[in-house]
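Reader: I've got a model open on my screen and I'd like to learn how to read it. Could you walk me through it, feature by feature?

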Amino acid sequence: MRHPRSVLAAAIGVGLAAALGATPATAADSSAVPAADSAGLSVTSKALTAAWESYEGSGEDARATEAFFKAVQKSVAEKRAANPGARAVTVNYSAAGAPSFRSQIARSTQVWNGTVANVRLQEGPNPSFTYREGNDPRGSYASTDGHGRGYIFLDYRQNQIYNSNRVTTHETGHVLGLRDNYRGPCSELMSGGGPGPSCQNDIPNSAERNRVNQLWAYGFAPVNRNR
């Protein structure tokens, strides 16, 4: 966060492959975080935060987030066609690629299923999106796999510096069609890392909940995403 970086799969390329190939600290390995300086962040953490910020609000970020959402939308349209009368649609995901974050993913699912009515998330077969984990200097992000599906990448270090439940629930918000708004307050989930590492909120506010319900009305209503 300063936070989740939405990057197209094509833009990830070899860099992400190298990151995934590295031997990472696990998400729970607090010993991997350097000792903090008087400002509360180590030099290494500050450098990483600066790298995450360089993507924040960029055109690449916006395009990648939109591509991710469209990939999930395509998958959902197939489900909707199979059951056109459904009031709510169930979107399956796989957490197999992010075993270190199973509790955070479960928390994110609980948060979204408990706050919106028109879409349900569950781990299951034929997933519309997947979770992955590893090291990446851009932090966590939502992207596409190039095959009509989306995935959420959870970066180890970023999830040590920021509230990991907030990072994961924020990224999952992109699955549901929400965009980043880093200038928002801590009470706004999609403000991501904008409020800083001290922000602990992992619950979408009423405007975010209403927007998701609007987007997913009757399975997935065609509405203006620019509103």
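## Reading the fold, one feature at a time

Author: Let's start with a single side chain: glutamate 123 is partly exposed, with a relative accessible area of 40%. Keep in mind that this is a predicted model.

Reader: Fine. Which residue does glutamate 123 meet in a salt bridge?

Author: Its partner is arginine 102, with N and O 3.1 Å apart. Arginine 102 counts as partly exposed too, at 39% relative accessibility.

Reader: Where do glutamate 123 and arginine 102 lie?

Author: Glutamate 123 is in strand β2 and arginine 102 is in helix α4, so the salt bridge ties together parts that are 21 residues apart in sequence.

Reader: How many salt bridges are there in total?

Author: The count comes to 3. Another one joins the side chains of aspartate 202 and arginine 107, at 2.8 Å from N to O. Aspartate 202 sits in the loop between α6 and α7, while arginine 107 belongs to helix α4, so this pair links parts 95 residues apart in sequence.

Reader: Are aspartate 202 and arginine 107 buried or exposed?

Author: Aspartate 202 is buried, at 8% relative accessibility, because buried means under 20%. Arginine 107 comes out as partly exposed, at 28%.

Reader: And which residue does arginine 138 pair with?

Author: Arginine 138 forms a salt bridge with aspartate 136, and their closest N and O atoms are 2.8 Å apart. Arginine 138 is buried at 10% relative accessibility, and aspartate 136 is buried at 3%.

Reader: Let's zoom out. How many helices and strands does the protein have?

Author: There are 7 helices and 5 strands. Read from the N terminus, the elements go α-α-α-β-α-β-β-β-β-α-α-α.

Reader: How do I read a sheet?

Author: The general idea is that strands of a sheet pair through backbone hydrogen bonds, either parallel or antiparallel. Here, 5 strands make an open sheet with mixed pairing, in the order β2-β1-β3-β5-β4.

Reader: Which strands stand at the edges?

Author: Those are β2 (119–123) and β4 (141–144); each has a single partner strand, so one side of each lacks a neighbour in the sheet. Ignoring direction, neighbouring strands in this sheet are turned by 30° against each other on average.

Reader: Can you show me one pairing up close?

Author: Try β1 (residues 89–97) and β3 (residues 129–134): they run parallel and are joined by 3 bridges. If you click on glycine 97, look for arginine 132 in β3, which is its bridge partner.

Reader: What lies across the sheet strands β1, β2 and β3?

Author: That's helix α4 (residues 102–115), which runs at about 160° to β2.

Reader: How should I look at a helix?

Author: As a general guide, an α-helix has 3.6 residues a turn, so residues three or four places apart point the same way. With that in mind, take helix α7 (residues 206–215), where Glu208, Arg211, Val212, Asn213 and Leu215 are buried.

Reader: What do the buried residues of α7 pack against?

Author: They pack against α4 and β2. Have a look at the start of α7 as well: a side-chain oxygen of asparagine 205 comes to within 3.2 Å of the backbone nitrogen of alanine 207.

Reader: Is glutamate 171 buried or exposed?

Author: Glutamate 171 is buried, at 0% relative accessibility. This residue lies in helix α6, and its side chain reaches the backbone nitrogen of alanine 142 at 3.4 Å.

Reader: What about arginine 183: buried or exposed?

Author: Arginine 183 counts as exposed, at 84% relative accessibility. You'll find arginine 183 in the loop between α6 and α7. Arginine 183 and glycine 194 are 11 residues apart in sequence, with their C-alpha atoms 6.0 Å apart in space.

Reader: Last one: what do the totals for the protein look like?

Author: Of its 227 residues, 48% count as buried. The protein exposes about 9700 Å², and carbon and sulfur atoms supply 53% of that. Among contacts with a separation of 6 or more, 69% are between residues 24 or more positions apart.

Methods
Residues are numbered from 1 along each chain as its sequence is written. This is a predicted model: local features need pLDDT of at least 70, side-chain atom pairs count only at pLDDT 80 or more; totals for chains, interfaces and linings use all residues. Side-chain values use heavy atoms; hydrogens and water are left out. Two strands pair if DSSP finds at least two bridges between them. Helices (H or I, at least four residues) and strands (E, at least two) are DSSP runs, numbered from the N terminus. Axes are lines fitted to C-alpha atoms, for helices over the stretch in contact, and angles run from 0 to 180 degrees between N-to-C directions. Contact means heavy atoms within 4.5 Å. Buried means under 20% relative accessible area, exposed over 50%, partly exposed in between (1.4 Å probe, protein chains only). A polar contact is a pair of N or O atoms within 3.5 Å; within protein, one must be able to donate a hydrogen and the other to accept it, and residues adjacent in sequence count only if both atoms are side-chain atoms. A salt bridge is a side-chain nitrogen of Lys or Arg within 4 Å of a carboxyl oxygen of Asp or Glu. Accessible areas come from the Shrake-Rupley method with a 1.4 Å probe; for residues, only the protein chains shown count as cover.
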